[in-house]
Amino acid sequence: MFKLYTAPGTCALASHIALEEAGASYAAERLDFKNGQQTTPQYLAINPKGRVPALVTDRGTLTETPAILAYIAQSFPQAKLMPDDPFAFAQAQSFNSYLCATVHVNHAHKGRGYRWAVEESSFADMKRKVPETMAAAFALIERDMLKGPWVMGEQYTVCDPYLFTIVGWLEGDGVDVAALPKVVAHRKRMSERPAVQKVLADVKA
């Protein structure tokens, strides 16, 4: 039995969907970020980073979405959530790393400017830049990285719930999704998957 710590509107949704797709036995615990539950001593003992996701396993706790997604895929090989070929596996890891290290960081500049600066004027400047940086990142994904119908082509992988999660942030980041037809079509396909529908219903409950 796994335990996934999550919070609404965060990238933890990707791991939540992946666990459901894998057929894993798990429990999801929702943290209340607005009231600072992620910074309590109880949670920091689980994840000293004070962020989500955190996946508690019988071997310890894992953090960082690309690592958790790879672990889920490799723990449930029958679900075929990652390519078997080493090069294709690395390509999937490359995609997830881009979402984590570049795209998510771009998004975080909208509301987490205090991570990089101390002046209020700097926060405002970072926030103004977000529509541009997110649009540029997704133009690259649309043009060169999303093979279709899934990220890796014909095989559905853990890249897909990760992309789906971040696509959900685009309109709030001021990105015109009409310029991203492949990304929009991917989001629609994802929304039709039973595992995605179940997780989204659980999140809203």
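Select Glu29 to begin: in this predicted model, Glu29 has a relative accessible area of 29% and is therefore partly exposed. Now show the side chain of Lys3 as well, and you will find that Lys3 and Glu29 meet in a salt bridge, with 2.9 Å from N to O. The two residues belong to distant parts of the chain, since Lys3 sits in strand β1 (residues 2–6) and Glu29 in strand β2 (residues 26–30), 26 residues apart. Lys3, at 31% relative accessibility, also counts as partly exposed.

Select Arg193 next, together with Glu21. These residues form a salt bridge in which the closest N and O atoms are 2.8 Å apart. Here too the pair links distant parts of the chain, with Arg193 in the loop between α7 (181–191) and α8 (194–204), Glu21 in helix α1 (residues 12–22), and their positions 172 residues apart in the numbering. Is Arg193 buried, exposed or partly exposed? With a relative accessible area of 21%, Arg193 falls above the 20% under which a residue would count as buried, so Arg193 is partly exposed.

Move along to helix α8 and select Lys198 and Asp202. Both residues lie in this helix, four residues apart, which is about one turn, and their side chains meet in a salt bridge of 3.0 Å, N to O. Asp202 is partly exposed at 32% relative accessibility, and Lys198 is partly exposed as well, with a relative accessible area of 39%. Add Glu20 to the selection, and you have the three members of one network, in which salt bridges that share partners join Glu20, Lys198 and Asp202. Across the model, the count comes to 10 salt bridges.

Turn now to the pockets. The largest pocket holds about 780 Å³ of space. To centre the view on this pocket, select Cys11, Arg51, His104, Arg112 and Arg115, which are the closest to its centre among the 28 residues that line it. Then colour helix α4 (residues 86–108), which gives the most to the lining of the largest pocket, with five residues. If you colour the lining by residue class, you should find 12 nonpolar, 10 polar and six charged residues.

The second largest pocket has a volume of about 400 Å³, and 22 residues line it, of which Gly9, Thr10, Leu13, Leu200 and Val203 are the closest to its centre. Which element gives the largest share of this lining? That share comes from α8, with four residues, the helix in which Lys198 and Asp202 were selected earlier. Helices α1, α6 (159–167) and α8, along with strand β2, each supply at least two residues of the lining. By class, the lining of the second largest pocket divides into 10 nonpolar, seven polar and five charged residues.

For the last stop, return to helix α4 and select helix α3 (residues 65–75) beside it. The axes of α3 and α4 come within 9 Å and cross at roughly 150°. To view the contact itself, show the side chains of Pro66, Leu69, Ala70 and Gln74 on α3, and those of Phe89, Gln93, Asn96 and Cys100 on α4. Among the residues of this contact, five are nonpolar and three are polar, and no charged residue takes part.

Notes:
Residues numbered from 1 in each chain as written. Predicted model: local features only at pLDDT ≥ 70, side-chain atom pairs only at ≥ 80, totals over all residues. Heavy atoms only, no water. Salt bridge = Lys/Arg side-chain N within 4 Å of Asp/Glu carboxyl O. Buried < 20%, exposed > 50% of the residue type's maximum accessible area, 1.4 Å probe, protein only. 1 Å grid on protein atoms, 1.4 Å probe; cavity = no way out; pocket = protein on both sides within 12 Å on 5 of 7 lines; lining within 4 Å. Points joined across faces, edges and corners; volume = space filled by probe spheres on them. Nonpolar A, V, L, I, M, F, W, Y, C, P; charged D, E, K, R; others polar. Axes fitted to C-alpha atoms, helices over the stretch in contact; angles between N-to-C directions. Contact = heavy atoms within 4.5 Å.
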